[in-house]
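Here's a walk through the packing, pockets and cavities of one protein model. Have the viewer open and follow along.

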Amino acid sequence: MISKQIFGHLPDGRAVEQISLINANGMQIDILNLGGIIRRWLVPTPSSEQVDIVLGFDTVEDYLADQAYLGALVGRYANRIKHGKFTLKETRYQLDANQGGNSLHGGVDGFNRRLWQTSVISQALNPSICLQLTSEDGDQGFPGQLKAEVIYTLTEENSLRIEYRASTDQATLYNPTQHSYFNLAGHQSGDIDSHQAQILASHFTPTDSNAIPSGELAPVANTPFDLRELTPVKVGLASSHEQIKFGSGYDHNWCLDGYRADLQQPFFAAMALETQSGRKLIVNTTMPGVQLYTANFLGSEPIGKEGVSYQGNGALCFETQFYPDSPNQPHFPSAMLEKGQTFYAVTEYQIVL
Ligand code: BGC
């Protein structure tokens with residue numbers, strides 16, 4: 001089932017809609033046409049109370065003030081590009097360097113701040129909506145007019161399937177992600193100490209102190225980045241490893257072992273387990289990398305939903321993606337999208353109750 005309501009208004013008067021996808025198991029996901037934001041994710045519990053497992057805000061103003069991309073679709077290029085510079089087809093481009101001298105998450109006015117066109121695909125068993133956005137040539141410094149489409153489907157298996165499609169009229173970069181902050185104990189829980197994480201990756205991309213990859217694909221063995229088995233997140237967070245210091249926690253890209261170019265169906269990439277409730281988040285994707293971000297820089301402003309003040313390490317994000325700074329690292333899988341090609345990627349977040 002799908003229901004819609006007005007969530008609020010942008011300063012220019014345009015309405016922000018909230019669309020709820022509800023399945024037969026009592027799971028509900030509320031999505032905004034602003035930034036394709038996943039605002040609430042309610043899961044049923046044995047006591048028949050629902051638990052909201054993502055962080056978010058209660059007003060449009062708070063979303064516009066947010067610097068942490070809570071729940072948003074990120075584009076055109078999720079994560080960082082060094083100094084915002086890259087060369088494509090022998091042309092040098094300069095993006096908006098909006099964070100620490102680098103480009104982050106598509107620039108100041110990224111896809112997370114846009115009002116997307118929405119339409120309902122299916123009301124019934126697997127409620128599904130389509131979001132569309134046209135990003136003009138030169139938007140935030142990126143070449144080509146990009147037509148982007150994202151389909152959100154909540155399945156009977158309690159999975160949110162996210163399908164990304166895009167086309168362009170000129171060679172460009174496209175690296176979309178979803179930036180939900182999960183706390184499987186509930187958004188108000190404060191920390192992620194009861195969470196374990198697993199990522200099926202034998203290599204990761206170490207960074208400098210500004211979160212830009214050195215280019216090395218480093219083995220995870222004997223480091224806190226070895227999450228090939230389920231591991232308590234707090235063990236890694238407490239480590240004195242230089243990379244953990246650089247990121248102030250986990251804020252790194254893992255090179256997923258299951259990735260192959262041209263995958264149409266997602267593979268099992270990562271999961272999290274909340275040990276008290278036994279709730280699990282399973283992440284399947286067709287993308288080559290995943291950023292595990294343990295909300296290291298999350299601040300208490302704006303105040304979160306229901307007056308909850310969020311804190312650093314109060315959530316975890318699994319951002320499926322091309323590796324950071326891939327346009328400047330020729331041996332990383334390429335995020336280039338050419339005229340005439342259709343970009344297609346799928347990521348699924350499945351909740352196991
Ligand atoms: C980045 C972090 C950043 C956060 C919020 C994550 O994807 O890796 O470094 O602080 O997004 O912008």
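## The second largest pocket

This is a predicted model, and a good place to start is its second largest pocket. The lining there is made up of 21 residues, with Tyr-259, Asp-262, Phe-322, Phe-343 and Tyr-344 lying nearest the centre. Two elements give two or more residues to this lining: β26 (336-337) and β27 (343-352). Of these, β27 supplies the largest share, three residues.

The space inside comes to about 460 Å³. Sorted by class, the lining has 14 nonpolar, five polar and two charged residues.

## Phe-343, from pocket to core

Phe-343 is worth a closer look, since it turns up again away from the pocket. Leaving out neighbours within four places in sequence, Phe-343 is in contact with Tyr-164, Arg-165, Ala-166, Tyr-174, Pro-176, Met-287, Phe-322 and Leu-337. Phe-322, one of those partners, is also among the residues nearest the centre of the second largest pocket.

Which residues have the most contacts inside the largest nonpolar core? Phe-343 is one of them, along with Trp-41, Tyr-152, Ile-199, Trp-254, Leu-281 and Phe-318, in a core of 71 residues. Strand β13 (residues 146-154) gives the most to this core, with five residues. There's also a second, separate core of 21 residues, which includes Leu-10, Val-16, Leu-32 and Leu-55.

## A five-strand sheet around β21

Trp-254, another of the well-connected core residues, leads to strand β21 (residues 251-255). Is β21 mostly covered or open? It's mostly covered, as five of its five residues are buried. Side chains in a regular strand alternate between the two faces of the sheet. In β21 both faces are covered: Asp-251, Asn-253 and Cys-255 are buried on one side, and His-252 and Trp-254 are buried on the other.

β21 belongs to an open sheet of five strands, ordered β19-β18-β21-β24-β25 and paired antiparallel. The edges go to β19 (218-219) and β25 (317-321); each has a single partner strand, so one side of each has no neighbour in the sheet.

The pairings of β21 can be traced residue by residue. Three bridges link β21 with the antiparallel strand β18 (residues 203-205), where His-203 is the bridge partner of Cys-255. Towards β24 (residues 289-293), again antiparallel, there are five bridges. On that side Cys-255 stands opposite Gly-289, and Asp-251 stands opposite Tyr-293.

## Enclosed spaces

How many cavities of 30 Å³ or more does a search of the whole structure find? Four turn up. The largest has a volume of about 80 Å³, and its lining consists of Leu-34, Ile-37, Tyr-63, Leu-64, Asp-66, Tyr-69, Leu-70, Ala-72, Asn-112 and Arg-113. By class, that's seven nonpolar, one polar and two charged.

The second largest cavity, at about 40 Å³, takes us back to the sheet. β21 gives the most to its lining, with three residues. Asp-251, His-252 and Asn-253 are in that lining, together with Asn-79, Arg-80, Thr-205, Thr-207, Ala-211, Gln-291 and Pro-324. The class split here is two nonpolar, six polar and two charged.

## The largest pocket

The largest pocket has a volume of about 530 Å³. Its lining counts 28 residues, and those nearest the centre are Gln-67, Ala-68, Tyr-69, Leu-104 and His-105. Tyr-69 also helps to line the largest cavity. As for chemistry, the pocket lining divides into 12 nonpolar, 10 polar and six charged residues.

## Ile-129, a buried strand residue

One last stop is Ile-129, which sits in strand β12 (residues 128-135). Why does Ile-129 count as buried? Its relative accessibility is 1%, and the cut-off for buried is under 20%.

Setting aside residues up to four places away in sequence, Ile-129 touches Ile-2, Ile-19, Leu-21, Ile-31, Ser-119, Val-120, Ile-121, Val-150, Ile-151 and Tyr-152. Tyr-152 was listed above among the residues with the most contacts inside the largest core. For a backbone distance, Ile-129 and Thr-118 are 6.9 Å apart in space, C-alpha to C-alpha, and 11 residues apart in sequence.

Methods. Residues are numbered from 1 along each chain as its sequence is written. This is a predicted model: local features need pLDDT of at least 70, side-chain atom pairs count only at pLDDT 80 or more; totals for chains, interfaces and linings use all residues. Side-chain values use heavy atoms; hydrogens and water are left out. Helices (H or I, at least four residues) and strands (E, at least two) are DSSP runs, numbered from the N terminus. Buried means under 20% relative accessible area, exposed over 50%, partly exposed in between (1.4 Å probe, protein chains only). Contact means heavy atoms within 4.5 Å. Two strands pair if DSSP finds at least two bridges between them. A nonpolar core is a set of buried Ala, Val, Leu, Ile, Met, Phe, Trp, Tyr and Cys residues joined through side-chain atoms within 4.5 Å. On a 1 Å grid over the protein atoms alone, a cavity is a set of points where a 1.4 Å probe fits but cannot get out, and a pocket is an open set with protein on both sides within 12 Å along at least five of seven lines; lining residues have an atom within 4 Å of a point. Grid points are joined across faces, edges and corners, and a volume is the space filled by probe spheres set on the points. Ala, Val, Leu, Ile, Met, Phe, Trp, Tyr, Cys and Pro count as nonpolar, Asp, Glu, Lys and Arg as charged, and the others, Gly among them, as polar.
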